[in-house]
Amino acid sequence: MCSSDLITLEDGHDLGAIHAAVEEGKSNNNGKPTVIIAKTIIGKGIDEVAGTNAAHGEAGVAFTEDARVKLGLPADKKWHVSDETYAFMGEKKAANVATYDAWKETYAAWSEANPDKASMLEDAVAKKRPSAEELLAAIPEGTGDAEATRISGSNIINNLAEALPTYVSGSADLHGSNKNYIKGGGDFGTGFGKNYAGRNYYYGIREHGMGGIANGLAYGGIFTPSCATFLVFADYMRATLRIAALAELPVSYIFTHDSIGVGEDGPTHQPVETVSGLRVLPNLDVIRPADYEETAAAYAASILKTDGPTALILTRQNVPNLDAPASVKREGTLKGGYILKKETADLEMIILAAGSEVQFAEAAGKELGDGVRVVSMPNMRAFDLQSAEYKESVLPADCRKRVAIEAGVSGLWYKYVGLDGKVVAVTRSRESKDRKSVV
């Protein structure tokens, strides 16, 4: 590293030196990052623990009063703000008020000249979204052909991008596999043109950075961001997923290649535990749709949710169109779970499944007879938030003979099938695509 790219501060407690170093780094326009190394003493001001690991825990609490005096703070004021600070902030407030008043005049003139753009901007800042009906109306019904839900998503994301102009997307170097490119949306900031109007982001192989940038876009409040990678790489961005859930950020994560049906990639790309690992994260909606119509509703749900993130779990392999009206599948997906096949005789058994395994539940239900109900469960969290009456209508308590099917670990399904039920699952990686486990 060239010396001009490295700044070392012998006294990392010198705020003036830190400010100067940051300004120097900002002025360095050679296309390289600047590293600032600030040498500090942990626990500075508390001689009893300074420079030791004890300062990192609670060991310094007993010495805080003495430390205040050593740092030049008033001993009798626990929360001290200097007169100089009040004066400085007062001046900043007055200057900011003047700047804001001038901006309001500029914005009012711009709004009058551009009413459509102003309305779009104000709706975006207010997190105003089209209704569920409007979003679903923007997505044509499927053709009925078998296709991977990532392929379904490639069409659906473009339908929704037309309905919501502030919707943006991006991929961690996997646009060709994730199929989440917004056609005609342009590429953000690529090349020398710096196209800041582009709606497609190229993140490179940086899932953690991608999640952080998507969170930043959501924090900004104007755009509705989504981003994409393979499901197994969700682990690289788990910290940013958790931040989005904690901060109630409306980010959509598009995770494709969702199971052991990924093809030739082998056990490293068989995320059998990942879906369940995401489902237990509070305030994250995890939606694993089974066909085109469920995928349409899953995308719509991800836009409708404005108080937290959504993970869309999509297949690489083709899945058949389920045998139910499009409206039933779309409305049922928005509720998290629904009856795909209702029994035509006395109810004897309920079969539940999600994603690519719903096709097998549907086939088994038809073969096992008129007393079998098949339930599709694309979004456990949304289903659990439904009314007790609705949940009872889908999973009546008096039917205890239940089986769940998913190409993943089994644990979370027992809250629906009970301890007496069965779960057809994949409990480890390294399984072939044709082998399943029953636990």
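In the predicted model, D14 caps the N-terminal end of helix α1, with a side-chain oxygen placed 3.1 Å from the backbone nitrogen of G16. Helix α1 covers residues 15-27. Its 13 residues should span 18 Å at 1.5 Å a residue, and the end C-alpha atoms are 19 Å apart, which agrees.

Helix α6, residues 149-163, was examined in the same way. From the first C-alpha to the last, the 15 residues of α6 reach 20 Å, close to the 21 Å expected at 1.5 Å a residue. Because 11 of these 15 residues are buried, α6 is largely enclosed by the rest of the structure. The buried residues are T149, R150, S152, G153, S154, I156, I157, N158, N159, L160 and A161. They are covered by elements that include the helices α5 (132-137), α7 (175-178) and α11 (292-304). Strands β3 (167-171), β5 (224-230) and β6 (252-256) are also among the covering elements.

The largest nonpolar core has 30 residues, of which L352, M377, L395, W413 and Y416 touch the most other members. Strand β10 (residues 349-353) supplies the largest share of this core, 5 residues. A second core, separate from it, consists of 26 residues, including Y203, L231, V251 and L284. Leaving aside residues up to four places away in sequence, M377 touches L352, L395, W413 and Y416. The other residues touched by M377 under this condition are G336, G337, A353, A354 and F383.

Aromatic contacts were searched for across the whole structure, and 12 aromatic pairs were found. One of them joins F188 and Y201 in a stacked arrangement, with 4.7 Å from centre to centre and 20° between the planes. This pair links distant parts of the chain: F188 lies in the loop between α7 and β4 (200-202), whereas Y201 belongs to strand β4, 13 residues apart. The two partners were also assessed for accessibility. F188 has 28% relative accessibility and therefore counts as partly exposed, since the class lies between 20% and 50%. Y201 is buried, with a relative accessible area of 9%. F230 and F233 form a stacked aromatic pair as well, 5.8 Å centre to centre and with 15° between the planes. Both F230 and F233 are buried. Elsewhere, Y100, W103, Y107 and W110 are linked into a cluster by ring pairs.

Two cysteines were examined for burial. The relative accessibility of C227 is 1%, so this residue counts as buried. C399 also counts as buried, because its relative accessibility is 4%. The structure holds 0 disulfides.

A further position considered was G209, which is placed in helix α8 (residues 207-220). At 33% relative accessibility, G209 counts as partly exposed. G209 and A172 are separated by 37 residues in sequence, and their C-alpha atoms are 9.1 Å apart in space.

Technical notes
Residues are numbered from 1 along each chain as its sequence is written. This is a predicted model: local features need pLDDT of at least 70, side-chain atom pairs count only at pLDDT 80 or more; totals for chains, interfaces and linings use all residues. Side-chain values use heavy atoms; hydrogens and water are left out. A disulfide is a pair of cysteine sulfur atoms within 2.5 Å. Buried means under 20% relative accessible area, exposed over 50%, partly exposed in between (1.4 Å probe, protein chains only). A nonpolar core is a set of buried Ala, Val, Leu, Ile, Met, Phe, Trp, Tyr and Cys residues joined through side-chain atoms within 4.5 Å. Helices (H or I, at least four residues) and strands (E, at least two) are DSSP runs, numbered from the N terminus. Contact means heavy atoms within 4.5 Å. The expected span of a helix is 1.5 Å times one less than its number of residues. A polar contact is a pair of N or O atoms within 3.5 Å; within protein, one must be able to donate a hydrogen and the other to accept it, and residues adjacent in sequence count only if both atoms are side-chain atoms. Rings of Phe, Tyr and Trp (its six-membered ring) pair if their centres lie within 6.5 Å; planes under 30 degrees apart count as stacked, over 60 as edge-to-face and the rest as tilted.
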